[in-house]
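Thanks for coming, everyone. Let me put the structure up, and then I'll walk you through it.

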Amino acid sequence: MTAAPAPIQCDLLVVGGGINGTGIARDAVGRGLSTVLCEAGDLARATSSASSKLIHGGLRYLEYYEFRLVREALSEREVLLRAAPHIIWPLRFVLPHNPGLRPAWMIRLGLFLYDHLGGRKLLPASEGVRLRRHRYGKGTKAALDKAFVYSDCWVQDARLVVLNALDAQERGAQILTHTRLIHAERIGGRWEATLERADGTRLTVSAAAIANAAGPWVSDVLNERLGRKTDKRVRLIKGSHIVVPKLHAGDQAFILQNADRRIVFVIPYEGDYSLIGTTDHDYQGDPAQVAITPEETDYLCAIANAHFEKQISAADVVWSYSGVRPLYDDAAANASAVTRDYTLDLDAPAGAAPLLSVFGGKITTYRCLALEAVDDLLTALGKPVSAGLGRNWTADAPLPGGDIPNADFNGFLRQLEAEYPFLPQGLARRYARAYGTRSRRMLGPAQSFDDLGADLGDGVYEAELRYLRAVEWAQTAEDVLWRRSKLGLHVSARTQMAVVGWFKGSAQALSA
Ligand SMILES: Cc1cc2nc3c(=O)[nH]c(=O)nc-3n(C[C@H](O)[C@H](O)[C@H](O)COP(=O)(O)OP(=O)(O)OC[C@H]3O[C@@H](n4cnc5c(N)ncnc54)[C@H](O)[C@@H]3O)c2cc1C
């Protein structure tokens, strides 16, 4: 009989590979905690790839007096923009005025606060425009004229998660994907945890502390896996998006007001498309099974149709996705009013190993959440919060590929095109946007397409798949086509099948 492998020893076990888990793992390892992260599926498989993909202050949260959240979120925009200028970029938002809904003075006041609360340096200030005379009005209904314009940022959400995991790993963390926490208990002042891999094999981890960042499963991990009780509860709110052929020209996004007082974004997406969302509905089902309903599709189409000349229906939808917001339950009456702020619950009785659970939060504020979470954990472990690289080290540390001089993406793109002159413009841009300076690692010394390996069609070459598998934990075609990229929207069914075949072949080759 072979002896069971010895437990992995670490300071911190992070449960969940969404933005909050990977953000905590990155911050923790930088502050000197030996860290293991386990994710039940692929990185960003749940809420963190189903967002509206905005790094934003959250203009509408001002209506709920969420000044703390808005201030923090506004100032994070430029911090994150500097850390990852390849996957994050500024976006102008056009808010058409509807006199029957919010009065103009209220919007002006909101935008004044928006411009001044967050210490804005890079992003331009808000302004008023007349849509009938402005290029932003092209494609909008003739009845719309007065509008307000302000700035926020856009992020490739799933890539932000992967880059946090990658940075954590490169600094010494162990990232275990397709590995689920099934049980943990406190024994002798530590957590003894049992993890199960997708193939059913098990491993044990002995950790000084656990961070429960399981998003919509935060209560499942607390109650079922750890046998802990807390008075804090998560409220699951479902949100869905649809993708349709482009509704308007230009690179501006729209924020549309609806009669139910909700707002819906129409965002330029992946070149040829518009992304429309989101909805807000209480959700009781299995978060892994969340899907858009015909009513949500109709609701989103109707709001777009009220504002754009081009009319759409369910038949125009080329892709949709849904996610579940794991919000902190503040007993608000309706789903849109539940706080988007985060709450950290620390369970650290004297002499017992600490457990920290994350409720709520936004992609925008993940770095601040991680910083506070690691402060709490270090304090509970009796260590100084300034350990390792120091408190707030992530404020000026680029994410992998984000070390672009002066955060000048266009300058970097020109340089990459010069280094790899055989790449057509569109492909060089796609690589630069996905991998930033890591494009050089992905492409290596390639001097022609022959050096990129097999051509799977539509600009997908083996070198990229090899990189995604070896460096970014991709294991299936879906991981590549719909999470680490949105190539699924652009490439033919034949290319998609070729990618499926490539992963099957590489899995067989690995197991041979
Ligand atoms: C429709 C919608 C739109 C949004 N838009 C925005 C936006 O524009 N901007 C913004 O800033 N925020 C937005 N958000 C909020 C943001 O997406 C979430 O706050 C964030 O993604 C939550 O991340 P998380 O890491 O907590 O959870 P998740 O991303 O869900 O990650 C939790 C992970 O834990 C794993 N897990 C669960 N149980 C276990 C276990 N037992 N063992 C191991 N792993 C486990 C899961 O597999 C999952 O991957 C939006 C959310 C939604 C739903």
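Let's start in a loop. D458 is found in the loop between strand 19 (455-457) and strand 20. Helices here are DSSP runs of H or I with at least four residues, strands are runs of E with at least two, and both are numbered from the N terminus. Phi of D458 is near 55 degrees, a positive value in a residue that isn't glycine. Is D458 buried or exposed? Neither: D458 is partly exposed, because its relative accessible area is 47%. The cut-offs are under 20% for buried and over 50% for exposed, with partly exposed in between, using a 1.4 Å probe and protein chains only.

Some housekeeping. This is a predicted model, where local features need pLDDT of at least 70 and side-chain atom pairs count only at pLDDT 80 or more, while totals for chains, interfaces and linings use all residues. Residues are numbered from 1 along each chain as its sequence is written, and side-chain values use heavy atoms, leaving out hydrogens and water.

Now the whole chain. It has 13 helices and 20 strands. The C-alpha trace spans about 75 × 60 × 45 Å along its principal axes. Is that what a compact globule would give? Let's take the radius of gyration, calculated over C-alpha atoms. For 512 residues, a compact globule would come out near 24 Å; the chain has 23 Å, so the two agree. The globule rule is 2.2 Å times the number of residues to the power 0.38.Next, the interior. Buried residues make up 58% of the 512 residues in the chain. The accessible surface comes to about 20,900 Å², and 52% of that belongs to carbon and sulfur atoms. These areas come from the Shrake-Rupley method with a 1.4 Å probe; for residues, only the protein chains shown count as cover. On to contacts, meaning heavy atoms within 4.5 Å. Take the contacts with a separation of 6 or more: residues 24 or more positions apart account for 72% of them.

Now the ligand. Which residues come nearest to the ligand? There are 38 residues around the ligand, and E39, R45, S48, L54 and T364 come nearest. A residue is counted as near if one of its heavy atoms lies within 4 Å. Look at the side chains. An N or O atom in the side chain of E39 is 2.6 Å from an oxygen atom of the ligand. For the side chain of R45, an N or O atom is also 2.6 Å from a ligand oxygen. L54 uses its backbone: a polar backbone atom there is 2.7 Å from a nitrogen atom of the ligand. Taken alone, the ligand exposes 1,000 Å², and the protein buries 98% of that. Which elements give two or more residues to the shell? They are helix 1 (19-30), strand 8 (179-187), strand 11 (234-245) and strand 16 (319-328).

The shell divides into 15 nonpolar, 17 polar and 6 charged residues. In that count, Ala, Val, Leu, Ile, Met, Phe, Trp, Tyr, Cys and Pro are nonpolar, Asp, Glu, Lys and Arg are charged, and the others, Gly among them, are polar.

Move one place along from L54. I55 sits in strand 3 (residues 54-55). I55 is buried, because its relative accessible area is 0%. Its C-alpha atom is 4.9 Å from that of C153, although the two residues are 98 apart along the chain. Leaving out residues up to four places away in sequence, I55 touches R77, L80, I88, D152, C153, W154, V155, I363 and T364.

Another buried residue: D347, in strand 17 (residues 342-347). D347 counts as buried because its relative accessibility is 18%. Which side chain does D347 pair with in a polar contact of 3.1 Å? The side chain of R228. A polar contact is a pair of N or O atoms within 3.5 Å; within protein, one must be able to donate a hydrogen and the other to accept it, and residues adjacent in sequence count only if both atoms are side-chain atoms. Beyond its neighbours within four places in sequence, D347 is in contact with R186, R228, A353, P354 and L355.

Now helix 9, residues 425-435. Its buried residues are L427, A428, Y431, A432, R433, A434 and Y435. What covers them? The cover includes strand 4 (88-96), helix 4 (157-170), helix 8 (409-419), helix 10 (439-443), strand 20 (460-461) and helix 11 (462-471). Just after helix 9, G436 takes a positive phi of about 50 degrees.

Two more backbone details. The peptide bond from G277 to T278 is cis, with omega near 20 degrees. T278 lies in the loop between strand 14 (273-277) and strand 15 (281-282). Then A407, in the loop between helix 7 (366-380) and helix 8. A407 isn't glycine, yet its phi is positive, near 50 degrees. A407 counts as partly exposed, because its relative accessibility is 33%.

That's the tour. Over to you.
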